[in-house]
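Here are some exercises to work through with the structure in view. Try each task before you read the solution that follows it.

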Amino acid sequence: MKEYPVLGTKDTRSGFGDGLLELGRTNENVVAMCADLTGSLKMNAFQDEFPERFFQAGIAEANMIGMAAGMTIGGKIPFTGTFANFSTSRVYDQVRQSIAYSEKNVKICASHAGLTLGEDGATHQVLEDLGMMKMLPNMCVINPCDYNQTKAATIAIADYEGPVYLRFGRPKVPIFMPEDMPFEIGKGILLNEGTDVTIVATGHLVWKALEAAKELEAKGISAEVINIHTIKPLDEEIILNSVMKTKCVVTAEEHQIAGGLGESVSSLLCRTIPTPQEFVAVDDTFGESGTPDELMTKYGLDAVDIISACEAVIKRK
Amino acid sequence: MADITKMKSVSSQVRRDIVRMVHANNSGHPGGSLGCVEYFVALYFDILNHNAADFDMDGIDEDLFFLSNGHISPVWYSVLAHSGYFEKSELATFRKLNSRLQGHPATEEGLEGIRIASGSLGQGLSVGIGAAQTKKLNNEDSLVYTLHGDGELQEGQIWEAAMYAAANKVDNIIATVDYNGRQIDGDVDDVLSLGDLEGKWKAFGWEVLVEDNGNDLEAVVNVLNKAKSLTGKGKPVMILLRTEMGQGVDYMMGTHKWHGSAPNDEQLANALGQLEETLGDY
């Protein structure tokens, strides 16, 4: 099994903040907007260095999204920042009409996604955002896995013409992707080759998938691990190539089963090579208060859950 | 200097276009469209610094206009066509399959003159403020204009935007409210009263102009020029423009019933009999 040394731990939102600061220095058209969560989104450094390109919207997300759409007219590239819940469900119609349908070059950057937001509880733990955003025509949906990948993704989306939803999180998680790895939108990454089962993971679940693959190897099961950082457009080729070899798949994500990466993979496979699949995801329930680790365990999003899903799906081949 | 005679002639033809477009597919919103003819004609034929022949999405060094109450698309489409953005014959495709003239304005089909989709209400003021901020970043002197329905002001996003623009001194935007007092379900006062609208905008920190003759071309030109003179002074500018829904077609006036209903053949003939064909029907 390929080794991925842990280079440290950091929150993915810091990858966004550091990427945004770098963009500020390299691309004068990049502007940033925030709805009263500048510290939480790690946008302070950009705000301090480029005050004239930073727009504080206050607790008024609908207006922020509309303004971002308007700011593209004349060549600016707005990066909006707030929690994932307030970036999606709170402003869905504004995103739909003013950004997606209007084909505006806005980057909707969303932190504190999923259960790992932790103690604040279900009001803030959006688990439906990937589904909502991938349903919108013209919307590119990205969910990177660690600090390095989030920073690289932040920088990459500035050069992509069109609406993007970039999702990241609050807790400190292992850094294991190379710092100098360029981010290719829509291109999955084969992290480990295997022959018995394919694990397709996104976001915080990618590291857990690697942990699971390591334990599976000890049990004599060879797991292929794919990092899908771009939910839409989906890298169909990397998934199909793997599944043709392993004949079964487990998808893993910090999201509802409904609307998530797993459904995208299912939809692909049922149209091409129908394949047994197990879902490691939240099953039609809201979250609750707790520590991120406690919540991931209670809602079945740990490495041990990926392992059981792999064992179950292999039996269905 | 505004050519009022020419603009009156355009206005009459635009009114004919509106009722014919809505009649042709038995759907659309004639009432608000007819009420806003003078605003659109004054804007596009006198006030705006714009480049109809070579439309560009970014509109650098041009004034920009955003229609927030997208359902009155017929008046906008007609005025855009008469201004030279696209051929007048294309008005015949309004609301039909494969048309660039969608029921509510959209950018996806690449119709010249449209920079944002609108229809779901309350979003255009935010868009306008964003565009105005980009003009400031680009060191442009050009202005941004927006138009809103009065019923639309019931949407909360409008007031988020109102608060933002004043707090951030976005003083290169001129918003106008089509203050006709009517919405789909009835009179605005009966559906959800706006109360002291002038007082509300003033309290939100806007410069407010009230024009009671929103269907008088000279009055509209004058109030828009007055609004222009108030830009660049630290405050966003609002025009409350009193108009008559259905203006120009007697049976459509004085009621909310023609907000979103199309005339039948007989009603169309009646309407056209009241509106002089000045520039040739499309």
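**Exercise 1. A helix and its surroundings**

Task: Find which elements of chain A the buried residues of H7(A) pack against, and explain why this helix is largely enclosed by the rest of the structure.

Solution:
- Step 1. Keep in mind that you are looking at a predicted model. Locate helix H7 of chain A, which covers residues 147-157.
- Step 2. Go through its residues and apply the cut-off for burial, 20 or more other C-beta atoms within 10 Å. In H7(A), the residues that pass are A:Tyr147, A:Asn148, A:Gln149, A:Thr150, A:Lys151, A:Ala152, A:Ala153, A:Thr154, A:Ile155 and A:Ile157.
- Step 3. Look at what lies against them: the buried residues of H7(A) pack against two elements at the start of this list, strand S1 (9-11) and helix H1 (12-26), and also against strands S5 (107-111), S6 (140-142) and S7 (164-167) of chain A.
- Step 4. Draw the conclusion: because 10 of the 11 residues of H7(A) are buried, the helix is largely enclosed by the rest of the structure.

**Exercise 2. Two domains in chain A**

Task: Describe how domain 1 and domain 2 of chain A are placed and what the touching side of domain 1 is made of.

Solution:
- Step 1. Mark the bounds: domain 1 runs over 9-174 and domain 2 over 189-315 of chain A.
- Step 2. Take the C-alpha centres of these two domains of chain A; they are 25 Å apart.
- Step 3. Turn to the contacts, where 27 residues of domain 1 of chain A meet 30 residues of domain 2 of chain A.
- Step 4. Ask which elements of chain A supply two or more residues to domain 1's side: they are helix H6 (129-134), S6, H7 and strand S8 (172-174).
- Step 5. Sort that side of domain 1 by class, and you get 14 nonpolar, nine polar and four charged residues.

**Exercise 3. The build of each chain**

Task: For chain A and for chain B, work out why each is as compact as a globular protein of its length.

Solution:
- Step 1. Begin with the elements of chain A, which has 12 helices and 14 strands. The radius of gyration of chain A is 19 Å, close to the 20 Å that the globule rule gives for 317 residues, so chain A is as compact as a globular protein of that length.
- Step 2. Add the outline of chain A: its C-alpha atoms fill a box of roughly 60 × 40 × 35 Å along the principal axes. Buried residues are 61% of the 317 in chain A.
- Step 3. Do the same for chain B, with its 10 helices and seven strands. Here the radius of gyration is 18 Å, close to the 19 Å from the globule rule for 282 residues, so chain B too is as compact as a globular protein of that length.
- Step 4. The box for the C-alpha atoms of chain B is roughly 50 × 45 × 35 Å, and 52% of the 282 residues in chain B are buried.

**Exercise 4. Where the chains meet**

Task: Find how many residues of each chain are in contact with the other chain, and which helix of chain A gives the largest share of its side.

Solution:
- Step 1. Count the contacts: 23 residues of chain A touch 29 residues of chain B.
- Step 2. Two elements of chain A give two or more residues to this side, namely helix H3 (61-71) and helix H5 (92-101).
- Step 3. The largest share, eight residues, comes from H3(A).
- Step 4. By class, the side of chain A that touches chain B holds 10 nonpolar, 10 polar and three charged residues.

**Exercise 5. The largest nonpolar core**

Task: Say how many residues the largest nonpolar core has and which helix of chain B gives the most to it.

Solution:
- Step 1. The core has 185 residues, and those with the most contacts inside it are A:Ile199, A:Ala209, A:Ile306, A:Cys310, B:Val41 and B:Ala42.
- Step 2. The helix to pick is H3 (residues 37-47) of chain B, with nine residues in this core.
- Step 3. Domain 1 and domain 2 of chain A each supply at least three residues to this core.

**Exercise 6. One residue of chain B**

Task: Decide whether B:Leu64 is buried or exposed, and list what it touches.

Solution:
- Step 1. Find B:Leu64 in strand S1 (residues 64-67) of chain B.
- Step 2. B:Leu64 has 26 C-beta neighbours inside 10 Å, so it counts as buried.
- Step 3. Leaving out residues up to four places away in sequence, B:Leu64 touches A:Ile73, B:Gly59, B:Arg115, B:Ala131 and B:Val144.

How values were computed. Residues numbered from 1 in each chain as written. Chains lettered and ligands numbered in written order. Predicted model: local features only at pLDDT ≥ 70, side-chain atom pairs only at ≥ 80, totals over all residues. Helix = DSSP H or I, 4+ residues; strand = E, 2+ residues; numbered from the N terminus. Rg over C-alpha atoms; globule rule 2.2 N^0.38 Å. Buried ≥ 20, exposed ≤ 12 C-beta atoms within 10 Å, placed from the backbone. Contact = placed C-beta atoms within 7 Å. Nonpolar A, V, L, I, M, F, W, Y, C, P; charged D, E, K, R; others polar. Core = buried A, V, L, I, M, F, W, Y, C linked by C-beta atoms within 7 Å. Domains from an automatic or database assignment.
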